[in-house]
Amino acid sequence: MRWYGDIIRFFDDKGKELLRRNFSVKYLGLAVDYKNFNDKEFDVSGFDFLMLYVEEDSNHLSKIKKSKKLLDKISIDAKGIVLFSQKYEVLRNAVDKHLVDAIVDLPLSFEMFNIDEVLIKKAAENNVSLIFNFKTFTSLSRQLKVKYLRNMRKILQIACKKDVKVLVGSFAENFYELRKPRDLSSFLYVTYRNLGFSLKGSSNNYYWFYDFLKKMNMKERIYPGYYVFKGEENAQTDIKR
Amino acid sequence: MFLKVRKMLKPTLRDKRRYVIIKYLCERDEKLDIEDLISTLWKKSYEYGGYSFIANSNLNILKDLYFKDKNIFVVNVKPEYVEDLRFILMNITSIRDKRVLMYVIGVSGTIKSARRKYIEGSED
């Protein structure tokens, strides 16, 4: 049996119930804008990990430093900083200096037919994961959707070569933007198939949340090859690599 | 006069198919007509898969297997194209200016097992 995860941007009991019960989501992450975040007001009890996101701006570097301080106050197992940007230079700077844990919307930052391998290589060295945002994909025009998928295919090709961790998140802001994580994996599969991978070949990416949480120091729950969850009678031993 | 009887192909020569059971959740808990669902699914599959996808995948929406009470309908495709169908369903965000959430409950090889596993057991 496989467990999946997702990243959302809103608090809603109805949505949480749908995700946990019907969508069989094991890991659920919350992405919050650091401006709106107050450690006293936010109750992150239903979530497994927290991510503060920073959108690129003239002061984004100072925002990242502030968000790091905010994260230290919160007592949650896994936490990280995510950078939303469509500018190549901003992403390159953040990845080189190892300021962030993940970067989002990478396909939009590239010009057509001009994929830079260096950024992904640096991401592999500094343990920065790539996140594909399904919400932006749906909001794009037809021309940009084609560009997104084309660039995504090229990025995945390099990411496979360099062993960079790849994630897909719905980043839903309301109930009707939620997607089943099993369906979200088809977003990767559509591009993987064009590269010549089979469904089984691309199955490593179904376990992206394990990799992500492993990086976030959740070693108690995760063991290499086998994943045993605390508080459950039946330990999962069918997930092997 | 000889009656022309169309002979059925042997099981090994027939196209394999999978029945994909889909559930939708509409805004204000409204029920949608099957014709609206068919038209949006065809429109989206033209957009994302193209003519070749529809021709090769044997995409077919089963009108008889629409359970309006449970918001469930069934689509059959070839096994190779199930993932493509998932991708197309994800991209459906609204029908007739109402926000819609669609997801796959399960995939089965026969209608009988689809009824037993996913439709009869599911909540209203």
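How many aromatic pairs are there over all chains? I began my notebook with this, keeping in mind that the model is a predicted one, and the count I arrived at was 15 aromatic pairs.

I then looked up one pair in detail, and I found that the ring centres of Phe187(A) and Phe87(B) lie 5.9 Å apart with their planes at 15 degrees, so I entered the pair as stacked, since planes under 30 degrees apart are given that name. I noted that this pair crosses between chains, with Phe187(A) sitting in helix H8 (residues 181-194) of chain A and Phe87(B) in helix H3 (residues 82-90) of chain B.

Next I asked whether these two residues are buried or exposed. For Phe187(A) I read a relative accessible area of 0%, so Phe187(A) is buried, and for Phe87(B) I read 5%, which also counts as buried.

I followed the two rings further and found them in one aromatic cluster, which is formed by Phe134(A), Phe137(A), Tyr148(A), Phe187(A), Tyr48(B) and Phe87(B).

I also looked for charges over rings in chain A, where I found Arg9(A) over the face of Tyr53(A), at 4.7 Å from the ring centre, and Lys14(A) over the face of Phe175(A), at 4.4 Å from the ring centre.

Last, I turned to chain B as a whole, in which I recorded four helices and five strands, running from the N terminus in the order β-α-α-β-β-α-β-β-α. Of the 124 residues in chain B, I noted that 48% are buried, and that the accessible surface of this chain comes to about 7800 Å², with 50% of it belonging to carbon and sulfur atoms.

Note on methods
Residues are numbered from 1 along each chain as its sequence is written. Chains are lettered from A and ligands numbered from 1 in the order in which they are written. This is a predicted model: local features need pLDDT of at least 70, side-chain atom pairs count only at pLDDT 80 or more; totals for chains, interfaces and linings use all residues. Side-chain values use heavy atoms; hydrogens and water are left out. Rings of Phe, Tyr and Trp (its six-membered ring) pair if their centres lie within 6.5 Å; planes under 30 degrees apart count as stacked, over 60 as edge-to-face and the rest as tilted. Helices (H or I, at least four residues) and strands (E, at least two) are DSSP runs, numbered from the N terminus. Buried means under 20% relative accessible area, exposed over 50%, partly exposed in between (1.4 Å probe, protein chains only). A charge sits over a ring if NZ of Lys or CZ of Arg is within 6 Å of the ring centre and within 35 degrees of the ring normal. Accessible areas come from the Shrake-Rupley method with a 1.4 Å probe; for residues, only the protein chains shown count as cover.
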